[in-house]
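Colleague: Please take me through one part of this model in close detail. I want the sheet and the helices that go with it.

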Amino acid sequence: MTSKDSVASDPVALVVGGSSGMGRVTALRLAQDGFHVVVAARRFALCEEVVAEIHSSGGRATALTIDITEDESVATCFSQIEHQLGRLDAAFNNSGRTLGFSVTTETPLTRLQETLELNLLGTFRCLQHELRLMRAQGRGAIVNNASIAATRGFAGLQDYCAAKSALIGLSKSAALEYAPFGIRINVITPGLIATERYETIRAQPNSPIEARLKDIPVGHAGSMEDIAATVSWLLRPDVSFLTGAVIPIDGGECAK
Ligand SMILES: NC(=O)c1ccc[n+]([C@@H]2O[C@H](COP(=O)([O-])OP(=O)(O)OC[C@H]3O[C@@H](n4cnc5c(N)ncnc54)[C@H](OP(=O)(O)O)[C@@H]3O)[C@@H](O)[C@H]2O)c1
């Protein structure tokens, strides 16, 4: 931990996968919006950089290590939150990624297993700990980051689509279970978002991104700030009647 707090005075928001991309930008936004932000991921040095950026803007934050594919790592991270910050008001389960690209018959079973391990089981592990802490408090809000790949198919990404669509079933069911205890769980399904990786791919010759952009009604990719603003809104305590929802952030792509 980089903080010496024993019980945080501000509401605490955890960003799992806060070291880069939309998790990093969401962590910065949540700090602006008054949360003490726990920035957690495997790359601790990057989490510390995000925390330093928050501190330099006058916010409060703590860096922690977590590997969501490892039971012990997840348990240790949540134990640190419980014992050193003493509360957990909000969580953004953002960690995930694609692990390869191939048609179904060419995809090794091991890739499907690893994709599920990271994108589904990893979030399930975090969700269990978050719900236990929030259940004891009688309040909380959680956002799980799926993808537009949860609600439509993508040739070559059947493993990722399977994992992300399962995340919707998991989230909706948990939302039903914990609604009576004041805990809300929603899912976002981002479309094409202009992350650091997006810019690298777009700069390559014959990039597939130009064709994809033609499918997006608003005519451009979303920004990481679009994600951060929506997540921060979903985590606000006054958005109290919204749970079990799947929120597309995709410039209208899934409306077609
Ligand atoms: N980019 C898009 O257009 C897009 C669209 C729809 C959905 N998404 C989803 O949005 C989320 C964020 O993606 P991004 O584009 O912002 O990519 P990113 O910059 O690669 O962020 C992924 C985050 O996940 C963390 N992570 C990866 N493996 C982990 C593990 N085993 N344990 C803990 N954390 C782990 C990474 O941190 P460490 O490496 O430091 O652990 C990183 O902070 C992902 O779930 C992705 O599937 C992305």
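Modeller: Here is the sheet, then two helices, then the ligand shell.

This is a predicted model: local features need pLDDT of at least 70, side-chain atom pairs count only at pLDDT 80 or more, and totals for chains, interfaces and linings use all residues. Residues are numbered from 1 along each chain as its sequence is written.

Seven strands form an open sheet, in the order β3-β2-β1-β4-β5-β6-β7. The pairing is parallel. Strands are DSSP runs of E, at least two residues; helices are runs of H or I, at least four; both are numbered from the N terminus. Two strands pair if DSSP finds at least two bridges between them. β3 (60-65) and β7 (246-249) are the edge strands, each pairing on one side only. From one strand to the next, the twist averages 20°. Axes here are lines fitted to C-alpha atoms, for helices over the stretch in contact; angles run from 0 to 180 degrees between N-to-C directions.

Take one pair. β1 (residues 12-16) and β2 (residues 36-41) run parallel, joined by five bridges. Alanine 13 in this pairing stands opposite valine 37 in β2.

Now the helices. Helix α5 (residues 158-178) lies across β5 (140-145), β6 (183-190) and β7. It runs at about 160° to β6. Contact means C-beta atoms, placed from the backbone, within 7 Å.

Helix α4 (residues 109-137) has 29 residues, so at 1.5 Å a residue it should span 42 Å. That expected span is 1.5 Å times one less than the number of residues. The end C-alpha atoms are 41 Å apart, which agrees. α4 bends by about 40° at glutamate 117. The bend is the angle between axes fitted to the seven residues ending there and the seven starting there. Just after α4, glycine 138 takes a positive phi of about 75°.

Last, the ligand. Helix α1 (residues 21-32) gives the most to its shell, with three residues.

Conventions
Contact = placed C-beta atoms within 7 Å.
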